Amino acid sequence: MKRLITILIFALLITPFVKGQDFLSKSQVHGSFELDGMYYQADDALGITDSLINGNVFGFNGFADIIYSLGNFSAGFRYEAYLPPIAGFDRNLEGQGFPYLWATYTTEKFSFTVGNFYEQFGNGLTLRTYQEWSLGYDNSINGARVIYEPTRGLIFKGVYGTQRYFWAPFEKNGRGIVKGFDGEINLNDVFGSMADSKIRLILGGSAVSKYQSDQNPMYKMPQNVASFAGRFNLGIGKFNFTSEYAYKINDPSAVNSYIYKPGDALVFTGSYSTKGLGIFAMFKRIDNMSYKSDEAVLSNALDINFLPPIVEPHTYMLAAMYPYATQPNGEMGFQLQINYKIPKKSKLGGKYGMGISVNYSQINDIAREKANDTAYIGQSGTMGWTSDFFKFGDQIFNRDLTIEIDKKFNRRFKSIFKYIYQDYNIATILGHTGEPNVKANIAIVDMTWKFTSKKSIRWELQGLWTSEDKGDWAAALVEYTISPHWFFTIADQYNYGNKHSYEQLHYYTGSFGYTLKTTRFALTYGRQREGVVCVGGVCRQVPASSGFYVTISSSF
Amino acid sequence: MKTKYIIIVLFLFAFIINSCDKVSPPFVEGRDYCSGNKKVLLEDYTGHGCNNCPEAAVIAHDLQDFFCERVVIIGVHAGYFAQPYLNGDSLLSADFNTEAGTTWDNYFGVSAQGNPNGLIDRVKGPSGYVISKDSWAKVIDTLLQNNAKAMITINNEFNIDTKILTTSVQTKFTEDVSGNYKLIVCITQDNIIAPQLNKNEEIGPTPMDINYVHNHVLRKAINGAWGESLNGSGTVSANTSYDKTYTQEFVDDWIPKNCHIVAFVYHEDTKTVLQAEELGVLE
Amino acid sequence: MQLNKKLGCQTVYQIIKRIKMKKVLIFALVILISGYISAQETKQGAKLPSVNVKTLEGQTFNIQNIDNDGKPIIISFWALWCKPCKKELDAYNDNYEDWRDETGVKIIAVSIDDSRSTAKVLPFVNGKDWEFEVLLDPNGDLKRAMSVNMIPHTFILDGEGNIVYQHTSYYEGLEDEIFELVEKVAAGEDISGKK
């Protein structure tokens, strides 16, 4: 409460200063806010007899983020409120306060931040703190950060602090302290002889360490756990290669069931691109790389690093039915993608050209062997397992092939055609133990017709065909937009192929919205599918819901 | 300029030297917990549809050994994964839900956060009451450092002919305390064989162990979900005793030799458990 | 499923009754103060913050160093997973040659894709044959510093580097309106008063 009053007084004090004309020319205030509210209703068909979800009839998530800057100095805060959190968000978010408060001083070579901040080293394999409002994810570090650029092409960063854990303040002997250091050198900038070279090379390295006192009575915990990584980014003409290798020393924790083996990860990408053609390949391997600042936490919080998933993210309704999530204890996979634009005026390309994109990705488990004869693989209090670096495990976690064609027929009419084949390990990823992999064929047609210069109508037809899990689905969506302000949408997902006739339901939604410059208002009414969310071995049911959803967002 | 780089490198070196705690086996600590009169209540919220829960049951049992039997376990079947006929599966027809278990689950919001999850002495930490299985050891260890502020003695008499159990519970406070203290007396049952979804091959068959052995299953809170008040309100002086006697008729499924009486005393406002005790029905 | 006609009034009343009033008031107060402060801001133009971003080849540079010789600049935030963003940029790409000839405008597209997709942006952009400059903001540093919340979010900067216009969302035909504004900015008109 004290903190809140201080902030409000600060905000009120700025106002007269901001009004003054001479300050005005140099200082700026800007920010953004969003309010999301959901009001639940009973729905007999979904089996919701009560309008309450987790004892509440509504959920409300909101934030306001303000940044004040004056010359080299800037400061800001974010206020968040979850009163209570909307269904699907972690219940620990309930509450309100100022979880993000910071001040930064920047000069040409030097930047110093105190308070909460977000930072990424390389690809994030050793450290990445970020925020994702739509997921309720925020692992900001509260402490200090220094960025030093002694010369162009050379950057050093140092961080120190503790991470956010919902609303819990930091306590001694609670969660850990994170320290990190990163250096990056752009050889083309630093060495004048290389300035005009056809070869572009950037090297980087990072070292991160977390300290947490041993409060675990059962296991001997290492109090300082370090993680190191080295990376490069090499460009030769039209080719570009990046790679990062990370190594973490013994880090027994709840996520890996307290095993003592070190962890490592390798990410490698290569691409070739020229006008109209892009080819991309990626290889990734992760072995025991969960790195959190508290050994006992299983939920989606307190991660120090970030393990990027290797799949193509899908956004269409049915394509996103079986989403993949990185398995931090071990996975190995690759991805290939080709983007090609068939040139304009050619036979197939037509007047505007035609874009084709093909993407294939596959992720398997790593191959694990017993660490010694007496312990089973993954047994707590042992070395866990050994794994051959270049060997793929037998289990497929996810595999998908995506083919997308987008074509503009004429000034008014364009369309996207998409086909996806997915092989999804629902047992491992969603915790449906015993169920076989879901093999699904998904087809999507998305067409837009612009019938006046301001009005257009877009429709989508989708189908998902599988003999596993819930069976076949069909979906349709129609969206009518009036530029620059209005949109109206109706959509329906119909589970017509479900083997239980009482579950052959329509999940319909209707929404409309209004946008004025940077302010957007949208109201949706409808049904949302239920789900089971499993994070770190704890599964929680996200109830199906029916009701109104409002969102208002703005930037200024 | 060169000196700056040297300083940075030295700093990095010092940082690295200081950050590597490599632990060598044995990895498990060996400590003696056998002296101490405080016992801790561990409630394991579970369900037969929860495939991660057998691991939690194993951890609870291991902790009982590790802490020299100073942990009293209740397995509360409540919430989504404990529903009978979950997902229409006829093998999951068992119903271990109880009125008390469901009341506690709703009040403390355990299953809402997922299963498996637990409560330890119903203490409330910065993130609430719910404690995940990997933090159980840490929390129990901290609580066991305290001296018991009350001692519970249970006396059971079971009449085989009438199938009526008479249980006498004596709560004796060893220190001065203030507040309204209430006593809850429950029946738990071991060795119930019923299907359980399971994900860990090392514990049993996957995906379902048809002959899973459920232990510490809460059957009933004899004196109600929130129990009976001992002192009413105000302060209790050291050495004050309260005696309560209850009778309960056993239904067919409750096999006396596998059943225990679990009694615990708690503060009405904070809900924190002061002391817990357990005794077999036929002992 | 029939909609309850009485729902509207009843719902709003019930919602207000159940929300904890104190907390909502504090929140509203913060919004009001922020809004009030922002209203003061319209007198002068905001400039780009001092934030590092990366080129498609991985080189780091400060966004404040972008320069277009006194001509307008369009900065648009997008991501590989954002369909309306890609549509907006396709629309800009179709017109880019003409716009450049008429006004000298420079378009910079900032991708906020995180490290799972950062390396894919270069081949994607080339495969699409986009003519404008693309920058990477993998941890959202520039996005945060410019208070970008939802994408697509597009800014227009005048010849002096002041932000004179911004909008979120993309609807078909919006590019025509954007170009009208760019023409005005190139001609030296002040469009920021239109807030």
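A surface patch, as I shall use the term, is made of residues with over 30% relative accessible area and no salt bridge, and nonpolar side chains are joined into one within 5 Å. Please bear in mind throughout that the model before you is predicted.

I begin with chain A. A:F73, A:Y105, A:F110, A:F112, A:V114 and A:V146 form a nonpolar patch on the surface, and together they have about 490 Å² of accessible area. Which strand gives the most to this patch? It is β5 of chain A, residues 110-117, with 3 residues. One residue in that strand is A:F112. Its relative accessible area is 36%, so A:F112 is classed as partly exposed.

As general background, in soluble globular proteins nonpolar side chains tend to be buried together. Let us turn, then, to the interior. The largest nonpolar core has 56 residues, and those with the most contacts inside it are C:I75, C:F77, C:W78 and C:F132. Apart from that core lies another, of 37 residues, including A:A246, A:M289, A:V311 and A:A440.

Remaining with chain A for a moment, I draw your attention to A:L430. This residue is placed in the loop between α4 (426-429) and β20 (438-450). Is A:L430 buried or partly exposed? Its relative accessibility is 22%, and because buried means under 20%, A:L430 counts as partly exposed. A:L430 and A:Y322 are 108 residues apart in sequence, yet their C-alpha atoms are 8.9 Å apart in space.

I now move to chain C and its helix α4, residues 118-128. How many of the residues of this helix are buried? The count is 9 of 11, so the helix is mostly covered. Among the buried residues of α4(C) are C:V121, C:L122, C:F124 and C:V125, and also C:K120 and C:K128. After α4(C) comes C:D129, which has a positive phi, near 65°.

Finally, the charged surface of chain C. C:E97, C:D98, C:D101, C:E102, C:D176, C:E180 and C:E183 gather there in a patch of negative charge. Two elements of chain C give two or more residues to this patch, namely α3 (83-103) and α6 (174-186). The largest share, 4 residues, comes from α3(C). C:E97 lies in helix α3 of chain C. With a relative accessible area of 57%, C:E97 is exposed, because the exposed class begins over 50%. On helices in general, an α-helix has 3.6 residues a turn, so residues three or four places apart point the same way.

Note on methods
Residues are numbered from 1 along each chain as its sequence is written. Chains are lettered from A and ligands numbered from 1 in the order in which they are written. This is a predicted model: local features need pLDDT of at least 70, side-chain atom pairs count only at pLDDT 80 or more; totals for chains, interfaces and linings use all residues. Side-chain values use heavy atoms; hydrogens and water are left out. Patches are made of residues with over 30% relative accessible area and no salt bridge: like charges are joined within 9 Å, nonpolar side chains (Val, Leu, Ile, Met, Phe, Trp, Tyr) within 5 Å. Accessible areas come from the Shrake-Rupley method with a 1.4 Å probe; for residues, only the protein chains shown count as cover. A salt bridge is a side-chain nitrogen of Lys or Arg within 4 Å of a carboxyl oxygen of Asp or Glu. Lys and Arg count as positive and Asp and Glu as negative; His and the chain ends are not counted. The place of a charge is taken as NZ of Lys, CZ of Arg, CG of Asp or CD of Glu. Buried means under 20% relative accessible area, exposed over 50%, partly exposed in between (1.4 Å probe, protein chains only). A nonpolar core is a set of buried Ala, Val, Leu, Ile, Met, Phe, Trp, Tyr and Cys residues joined through side-chain atoms within 4.5 Å.
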